[in-house]
Amino acid sequence: MTNNKTEHLKNLIEKPMTTFALVIATAVVAATIACGGGETVVQTVVVEKPVPGGLVVQTVIVEREVSVPGETVVQTVVVEVERDVEVQDEMAMQPRPAATARPAATAAPARKASSVSEPIAVTVVVEEKEVLKEVVVEVEKQIFEPASAKPASAGRSPAPTPVIKTSPSQPSQPGATTFQNTTRSNFALTSQDDTSTFSLDTDRTSFQLALNWTRAGYEVDPASVRAEEWINAFNYGYQFPRHDDSFNIQTDIIAHPLDSDLHLARVAFQAPDVVVDLPLNVTLVLDGSGSMADGNRVAIAREAAETIRTSLGRDDRMSVVHFDNNVKHRLTVGDDSPDSRALRNSIRDLRPDGGTNVQAGLNLGVELADEMRRSRPNAYNYVILMSDGVANVDATNPFAILESAADHDPENPLRLITIGVGINNYNDVLLEQLAQHGNGWYRYLSEPEEGRKLFSRENWLALSVPFADQTRAQVVWDENLVRSWRMIGYENRVTSDESFTRAEKKFAELPAGSATTVFFELELVDPYLLGNSGQALGEVEVRWVTPSTGEGNRQHQEIDSVLAAPEAMTDFGAIVALAADRYSGLHEYGSVHPGSIHQDLSDLANMLRSVGSPIVGTTAYQDFEFVLNSLVDNVQPAPSTGYSR
């Protein structure tokens, strides 16, 4: 194929053509050879930019499709060259030598079109899936110049053979990602609406996604930011409740970091750290589709699956399902001991191929999990889906998939945990909704080590013990003290006030020892009344069902109106909440006037530097600081007015 492509290029340059066309042809040939057969050049775009000195910079962008089993990959090769423009009629162009100073514009000597061919060695470097490929293409160049060309300055030496190195330009965000852009809540007048009702949440995937994107050099997509998941990604050190059958509900009122006319209220729910000695039935549903070949997705899923297997005890049972276009039946293992050879081999043999039929995988996974549940009704039951979420065969809607793989035993439910892997070609909406409405939780893993930590025996056993099911909270504000209020985040967890008294599956299950934090922005009727009125700003009530007995529970507490003293963990949580909230609003109003968002994020970054112990210096603090600084850089500041402050 290489000889055919080169011969075709030689035939082209035997005709009077400019180096402009030569550069395009060379880039296409080199990119094609670099990646082997099966490629198709989709589009070629040339952008010309004048630069000082009489040169024109040409950017040649070549996109090509590369066939990968089950997937289509589009890559971009960018080549920049410079050419002289001082020659009349046909323009004599020379690719600018690499690693040389930019020359001043000089005219070329008048001469007839040369019939002598000179070989050019053009090196194109294409970076593909972390493998650097270098291809040298030998082509011939001919310079066609009219006799009327201007004389050249004396002493100009001929240009050396150029070496053009290119690599795909980094896009601002990964390709083919799916997020749900949820509209932020507005302030509500307390005289018209004094009640907020919502499901509690302990997911933290949104922040882990942002951290992974930032580390990879991408801008965080505002649609991916769910403020409650950023808030709940961090440990604020709440005290455990005195009794194992209730929450510790903690409330605080602090000054608003960004607006002197507002205050922040924090309401936190800390579950007890109880130990329940019940066996586990675990069914792994592993995505073995072609999209899992991207990056280290298979390695992450395989390591997490193996860690789960080794963390289980002798009394636990395990099943494994693999899927691509359909279920890979030869790798299916049902109701086996965690130390069995069949389970070890099945996990080891996870391989990417074909399409992504999440529905088929979960259908069989739920079937096997139900068989284990019926044979051992005294165990907790988990179905764990590990995938990039890119469902493209059969049902692709999360609710259609859940309906197909329905659980019909609410007394002893199957809990669906989703584990996301990957950056490009990733469906956050599917994985988040499956977990939220499948009575489970959602996590994201970017490295195999994260899977080992998440599913270590100590951590996994803690996460696998549910304390409260169908957990929801309701906050009622006193209109005599609070003029208006607004909850930060939880937009897709808000529910009707009337549903609060009804135990429903859509409400979250909370593991033992977990904590949920909620922040509200408040406009007070009279800030002076804080601590002086003797009245509570409002009251909070939480309701839940005890998983083991089905018994309904409720707990109530007033929201104290005393202004809290400055405290590092409270301040840190407020900064996290406001940063996520402001950045998530870019799609709503920031695209037109991003300056105010940039200012808020900059102010929050400055405040973060003054937060003290015990959070400063921890890995969590450093990770959030890294992400916040990236958000500041991603948002355009307000244009200068030219006036002094």
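Which residue's side chain has a polar atom 3.2 Å from the backbone nitrogen of Leu343? The residue is Ser340, and we will return to its surroundings after a look at the whole chain. Please keep in mind that this is a predicted model.

**The chain as a whole**

The chain holds 14 helices and 23 strands. Of its 645 residues, 54% count as buried. Many contacts reach across the sequence: among those between residues at least 6 apart, 78% join residues at least 24 apart.

**Two nonpolar cores**

The largest nonpolar core has 42 residues. Trp230, Phe572, Tyr583, Leu601, Leu608, Phe624 and Leu628 are the ones with the most contacts inside this core. Several elements give two or more residues to the core, among them those in this table.

| Element | Residues |
|---|---|
| Helix 3 | 205–215 |
| Helix 4 | 227–231 |
| Strand 10 | 263–270 |
| Helix 12 | 568–584 |
| Helix 13 | 595–608 |
| Helix 14 | 619–634 |

Helix 12 provides the largest share of this core, with 11 residues. To get a feel for the packing, try Leu628: leaving aside neighbours within four places in sequence, Leu628 is in contact with Ile575, Ala579, Leu601, Leu604, Ala605 and Leu608. A second core, separate from this one, has 35 residues, including Ala265, Ala473, Trp544 and Ile559.

**An enclosed helix**

Next, have a look at helix 9, residues 428–436. Nine of its nine residues are buried, so helix 9 is largely enclosed by the rest of the structure. The buried residues include the charged-type names Asp428 and Glu432 as well as Val429, Leu430 and Leu431. Just at the N-terminal end of helix 9, Asn427 acts as a cap, with a side-chain oxygen 3.2 Å from the backbone nitrogen of Val429.

**A pair of helices, and Ser340 again**

Two packed helices are described by the angle between their axes and the distance between the axes. Helix 5 (residues 297–311) and helix 6 (residues 341–348) pack at about 165 degrees, and their axes are 9 Å apart. An angle over 145 degrees counts as roughly antiparallel, and helix 5 and helix 6 are therefore roughly antiparallel to each other. Their crossing is right-handed. On the helix 5 side, Arg302, Ala305, Glu306 and Arg309 meet Leu343, Arg344, Ile347 and Arg348 of helix 6.

This brings us back to Ser340, which lies in the loop between strand 13 (333–336) and helix 6. Ser340 has 11% relative accessibility and so counts as buried. Leu343, whose backbone nitrogen lies 3.2 Å from a polar side-chain atom of Ser340, is also one of the helix 6 residues that meet helix 5.

Terms used
Residues are numbered from 1 along each chain as its sequence is written. This is a predicted model: local features need pLDDT of at least 70, side-chain atom pairs count only at pLDDT 80 or more; totals for chains, interfaces and linings use all residues. Side-chain values use heavy atoms; hydrogens and water are left out. A nonpolar core is a set of buried Ala, Val, Leu, Ile, Met, Phe, Trp, Tyr and Cys residues joined through side-chain atoms within 4.5 Å. Buried means under 20% relative accessible area, exposed over 50%, partly exposed in between (1.4 Å probe, protein chains only). Helices (H or I, at least four residues) and strands (E, at least two) are DSSP runs, numbered from the N terminus. Contact means heavy atoms within 4.5 Å. A polar contact is a pair of N or O atoms within 3.5 Å; within protein, one must be able to donate a hydrogen and the other to accept it, and residues adjacent in sequence count only if both atoms are side-chain atoms. Axes are lines fitted to C-alpha atoms, for helices over the stretch in contact, and angles run from 0 to 180 degrees between N-to-C directions. Angles under 35 degrees count as roughly parallel, over 145 as roughly antiparallel, 65 to 115 as roughly perpendicular and the rest as oblique. A crossing is left-handed if the near helix is turned anticlockwise from the far one by less than a right angle, and right-handed if clockwise.
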